[in-house]
Amino acid sequence: MKTALPPALAGAAVALAVVAASAPASAAPVPRTPAAASTTSTASAAPGSSASSGLREVLFVGNNWDGTADVLEPSGSLARIGRINVIPDKRQRMLEIHLNPLKLAYFLGIRWSVGEGHDQFVDDMYSTPDGSAVVVSRPSFADVVSVDVSSGRINWRFPVSGYRSDHMAVSPDGTRVAVSASTSNRVHVLDIRTGRETGSFATGDKPHENVFTDGGSRIWNSAIGEVGTALDDPVWDFTKGDRKITVVDAKTYRTVEVIDMRQRLDAFGRKDLSDAVRPVAFTPDESKLYFQVSFFNGFLEYDVAADRITRVKTLPKNPATSEDRTTWVNDSRHHGISMSPAGDKICVAGTMDDYATVVDRATLREGPLVPASKPYWATVSGDGRSCVVSESGSDSVSAIDFATGRKVASVPVGDHPQRVRLGKVAADWRAPSARWK
């Protein structure tokens, strides 16, 4: 929902608009030296690997407005194991922001646009291969941090270029993490153990989703354009910016392909659909890409080798959902998609329509519409049997059985859960008691 800016913040908003309009995308990058290197060693096994001894698999849930990460059982009941404060340095960060008028303008701009009137303290997170830390992108603080899961202390901090961090992706071997820097149109790739930058690459406007493919040799980034304005009528689509998928070599960070979905959508006969690619899911063999776009209640199928859109699935609308696009969260109609390990089922979070559903990939028939309160993300449970969705409207996480399409578990979490990721912690891990919120 586009939240009206309070009069008291009008000056900051004007400053933000002037800076955004006048400064080049890569202007004024923040120095990016890790505050401190982690003292823990990193195992070679990737998150989720059964080769890691002395570790247990868990689900990390990022509570965006709360600044915490809940740690849940990865399957079954999804029972909560503990909670980690991922903004232990909040006082220091807020002091820095208030002492810098430009940072303050962006901070307030994030709060009253994409933040829906709230600060965005955690967007995405992944655990290190040895389970000693969780690496978190923090949009309102424009950084990425590694938080020690035992002590609650920060191992390292990486300020991104520009003024907001967003979605991340971890390499298949668990050693690198890619993070989108929204306002500088750049993706940084970091060593997950030390926080040092191994490279970066330019993207379209407002880089969003990142995915490693081809065994980690390529990175796909989708730029969604400007989603924080109220110019949501199709006639104003040109104001949304340069939206494209950028594919780079994950060693050299050179662009190997740019995919303009506008051209593919037009060729498919869907000029009415936005070309802002939102969450995506690849088939296990990476031959097909399923992706959501802004303002659409459904998803599309893209054949990677043929370089063309092959099918579209329109999902039911909730009659109670307003058709006023400016009331939809950051241009989303549906936001969240995942695929079963076998590649035969697709789970969709129908964000503004308040449901989640499992779709048969062969026939594109949807199963039961499972009521859910503003579901914002979809992933796969540790045992692969369920789709796990974050219900940002009810501060809960729910599991939907891939086989039956029915809800099988639901647990309360923190304020406004978004990203849900599988990860690892020590087998005997306990939450840092001093950091419990």
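Is Asn185 buried or exposed? Asn185 is buried, with a relative accessible area of 13%. I'm opening with that residue for its backbone too: Asn185 has a positive phi of about 55°, although it is not a glycine. Most residues other than glycine have a negative phi. Asn185 lies in the loop between β9 (176-181) and β10 (186-191).

One thing before I go on: this is a predicted model, so please listen with that in mind.

There's another residue to put beside Asn185. Ala142, also not a glycine, has a positive phi, near 55°. You'll find Ala142 in the loop between β5 (133-138) and β6. And Ala142 counts as buried, because its relative accessibility is 11% and the cut-off is under 20%.

Okay, the overall picture. The protein chain has 4 helices and 28 strands. It runs to 437 residues, and 57% of those count as buried. If you take the contacts with a separation of 6 or more, 52% come from residues 24 or more positions apart.

Now the sheets. I'll show you two of them.

Ala142's loop leads into an open sheet of 4 strands, in the order β4-β5-β6-β7, with antiparallel pairing. At its edges are β4 (124-127) and β7 (154-159), each pairing on one side only. From one strand to the next, the twist averages 15°. Zoom in on β6, residues 143-148, and you'll see 5 bridges joining it to β7, antiparallel. If you want a residue to click on there, Val147 stands opposite Ile154 in β7.

The other one is also an open sheet of 4 strands with antiparallel pairing, and here the order is β12-β13-β14-β15. The edges are β12 (207-213) and β15 (255-259); each has a single partner strand, so one side of each has no neighbour in the sheet. Ignoring direction, neighbouring strands of this sheet are turned by 20° against each other on average. Between β13 (residues 218-223) and β14 there are 5 bridges, and the two strands run antiparallel. Ser222 has Ile245 in β14 as its bridge partner.

Hang on to Ile245, since it takes us inside. The largest nonpolar core has 18 residues, and the ones touching the most other members are Ile245, Met261, Leu289 and Phe291. Which elements supply at least two residues of this core each? Those are β14 (245-249), α4 (261-268), β16 (277-282), β17 (288-293) and β18 (298-303). As general background, nonpolar side chains tend to be buried together in soluble globular proteins.

Look at Met261 from that list. Leaving aside neighbours within four places in sequence, Met261 is in contact with Ile245, Asp275, Val277, Phe291, Tyr302 and Ile309. Apart from this core lies another, of 16 residues, among them Phe60, Val149, Val425 and Ala431.

On to the rings. How many aromatic pairs does the structure hold? There are 6, and I'll go through two of them. The rings of Tyr106 and Tyr163 have their centres 4.2 Å apart and their planes at 10°; stacked means under 30 degrees, so this pair is stacked. Those two come from distant parts of the chain, 57 residues apart: Tyr106 is in helix α3 (residues 101-111), and Tyr163 is in the loop between β7 and β8 (165-170). Both Tyr106 and Tyr163 are buried.

Then there's Phe295 with Trp328. Their ring centres are 6.3 Å apart and their planes are at 45°, so the pair is tilted. This pair also links distant parts of the chain, 33 residues apart, with Phe295 in the loop between β17 and β18, and Trp328 in the loop between β19 (308-314) and β20 (337-339). Both Phe295 and Trp328 are buried.

Phe295 has another partner as well. The charged end of Arg325 sits over the ring of Phe295, 4.3 Å from its centre. For another arginine over a ring, try Arg419, which lies over the face of Trp377 at 4.7 Å from the ring centre.

Last stop, Ser386. That residue is in strand β25 (residues 386-391). Ser386 counts as buried because its relative accessibility is 9%. What is Ser386 in contact with, leaving aside its neighbours within four places in sequence? The list is Thr379, Val380, Ser381, Ala399, Ile400, Asp401, Phe402 and Val408.

That's it from me; over to you.

Notes: Residues numbered from 1 in each chain as written. Predicted model: local features only at pLDDT ≥ 70, side-chain atom pairs only at ≥ 80, totals over all residues. Heavy atoms only, no water. Pairing = 2+ DSSP bridges. Axes fitted to C-alpha atoms, helices over the stretch in contact; angles between N-to-C directions. Core = buried A, V, L, I, M, F, W, Y, C linked by side-chain atoms within 4.5 Å. Buried < 20%, exposed > 50% of the residue type's maximum accessible area, 1.4 Å probe, protein only. Contact = heavy atoms within 4.5 Å. Phe/Tyr/Trp six-rings, centres within 6.5 Å; stacked < 30°, edge-to-face > 60°. Lys NZ or Arg CZ within 6 Å of the ring centre and 35° of its normal.
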